[in-house]
Amino acid sequence: MSRSHVLKSCHALASRALKAPASQPRHFSNLPETTIYGGPVSQSAVKRFTLRQLMQKYAKKEPITMVTAYDYPSAVHVDQAGIDIALVGDSVAMVVHGHDTTLPVTLDDMLLHCKAVARGARRPLLVGDLPFGSYEQSPQQAVDSATRMLKEGNMDSVKMEGGIGSRVAAAKAISEAGIAVMGHVGLTPQAISILGGFRPQGRSSARALLVLEHALALQAAGCFSVVLECVPSPVAAAITTTLKIPTIGIGAGPKCSGQVLVYHDLLGMMQHPHYAKVTPKFCKKYAKIGEVINSALEEYNREVTSGEFPSGAHTPYRLENNQLDFFIEDLQKNGFHDAAEAANKAALQDEAVDSLLKKTSVV
């Protein structure tokens, strides 16, 4: 083959590569926008929300949106809604697995949910919650757990609770390891055993200052953002004004840099009486999905019980041409006389449906 033919072939291959869609599903925010060794094709046609964009939004004082996601369907919905950050929260222990606290969920549990979310959410910055017991023992344990979140869970960053002692040391170690970490102060559900329940924090001047100190400690440790949960609005406003990194409020009023809500809470998915009693006061229900789901399931149950479903419209498959007679004959030869009769009745019903559909289409 001549040199000119080789060059033409190379150009053709390059042209096809440039036109081909990105084959990889979603990539971390700490990777470049274009590949280095995989060719000049952009890794994703979707504009990913990165830490740089987060800080640009923060600098412009534009509100930041964050919603939890726990599986592929919820991740797709969060992605399509244009939410900035998807948090794979350890609240999965409660709203998905049915526990009364976040404590039982393990790192392996979280990784399974993180992988599913990463497959569904291509645009948002992905944050994986480090569950209770995965980072408190030592800075090395914290780095190991955070590393697994990125390498196995396909997360962009991690989140951890608490702003004192070993928690701050863990945040510092994770950050120094080159992993973006989000802090969390105020009500920290993993510390329920010493908080005495899910109670608002910072309601006295001394405790409010303590929450501020915790937030400052996390900022000094290298956190890129801090969640403020269940603190009075003036406290959140003071912390947000003091910090040089974004605050994400949940039950902390409107003065934070952004807001986060639990997916199931904001959609009104949980309808049983027990859950209604513990639904957070700060949560606005933007829909009543649970009522729609219950209604649909009840209707399905009724239609199946009454024989209304499946109707002919939902029985689309037919035997191939001339195969019905052979099938009935084979059943009879093998002694399945009742089965042959049942098959024949079903076929007659199908024929009636097909005839009716033809008449309807003609009209």
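## Strand barrel

Two strands count as paired if DSSP finds at least two bridges between them. In this predicted model, 8 strands paired in this way close into a barrel. Their order is 1-2-3-4-5-6-7-8, and the pairing is parallel. From one strand to the next, the twist averages 25 degrees.

## Strand 3 and its neighbours

Strand 3 covers residues 125-129 and pairs in the parallel sense with strand 2, residues 85-88. This pairing runs over 4 bridges. One residue pair that can be located here is Leu87 and Val127, where Val127 of strand 3 is the bridge partner of Leu87.

Strand 3 also runs parallel to strand 4, residues 157-159, and 3 bridges join the two. Here Val127 appears again, standing opposite Ser157 of strand 4. Val127 thus has a partner in Leu87 and stands opposite Ser157.

## Burial of strand 3

How many residues of strand 3 are buried? The count is 5 of its 5 residues, and the strand is described as mostly covered. Leu125, Val127 and Asp129 point one way from strand 3, whereas Leu126 and Gly128 point the other way. Both sets are buried, Val127, the bridge partner of Leu87, belonging to the set with Leu125 and Asp129.

## Packing of helices 7 and 9

Two packed helices are described by the angle between their axes and the distance between the axes. For helix 7 (residues 165-176) and helix 9 (residues 205-221), the axes come within 8 Å and cross at roughly 25 degrees. Helix 7 is therefore roughly parallel to helix 9, since angles under 35 degrees are classed that way.

Helix 7 contributes Val168, Ala171, Lys172 and Ser175 to the contact, and helix 9 contributes Ala217, Leu218 and Ala221. The crossing of these two helices is right-handed.

## Aromatic pair

Rings of Phe, Tyr and Trp pair if their centres lie within 6.5 Å, and by this rule the count comes to 1 aromatic pair. The partners are Tyr300 and Phe309, with ring centres 6.1 Å apart and planes at 65 degrees, so the pair is edge-to-face. The class follows from the cut-off, because planes over 60 degrees apart count as edge-to-face.

Are the two residues of this pair buried or exposed? Tyr300 is partly exposed, with a relative accessible area of 48%. Phe309 is also partly exposed, at 32% relative accessibility. Both values fall in the class between buried, under 20%, and exposed, over 50%.

Terms used. Residues numbered from 1 in each chain as written. Predicted model: local features only at pLDDT ≥ 70, side-chain atom pairs only at ≥ 80, totals over all residues. Heavy atoms only, no water. Phe/Tyr/Trp six-rings, centres within 6.5 Å; stacked < 30°, edge-to-face > 60°. Buried < 20%, exposed > 50% of the residue type's maximum accessible area, 1.4 Å probe, protein only. Axes fitted to C-alpha atoms, helices over the stretch in contact; angles between N-to-C directions. Parallel < 35°, antiparallel > 145°, perpendicular 65-115°, else oblique. Left-handed = near helix turned anticlockwise from the far one by under 90°. Contact = heavy atoms within 4.5 Å.
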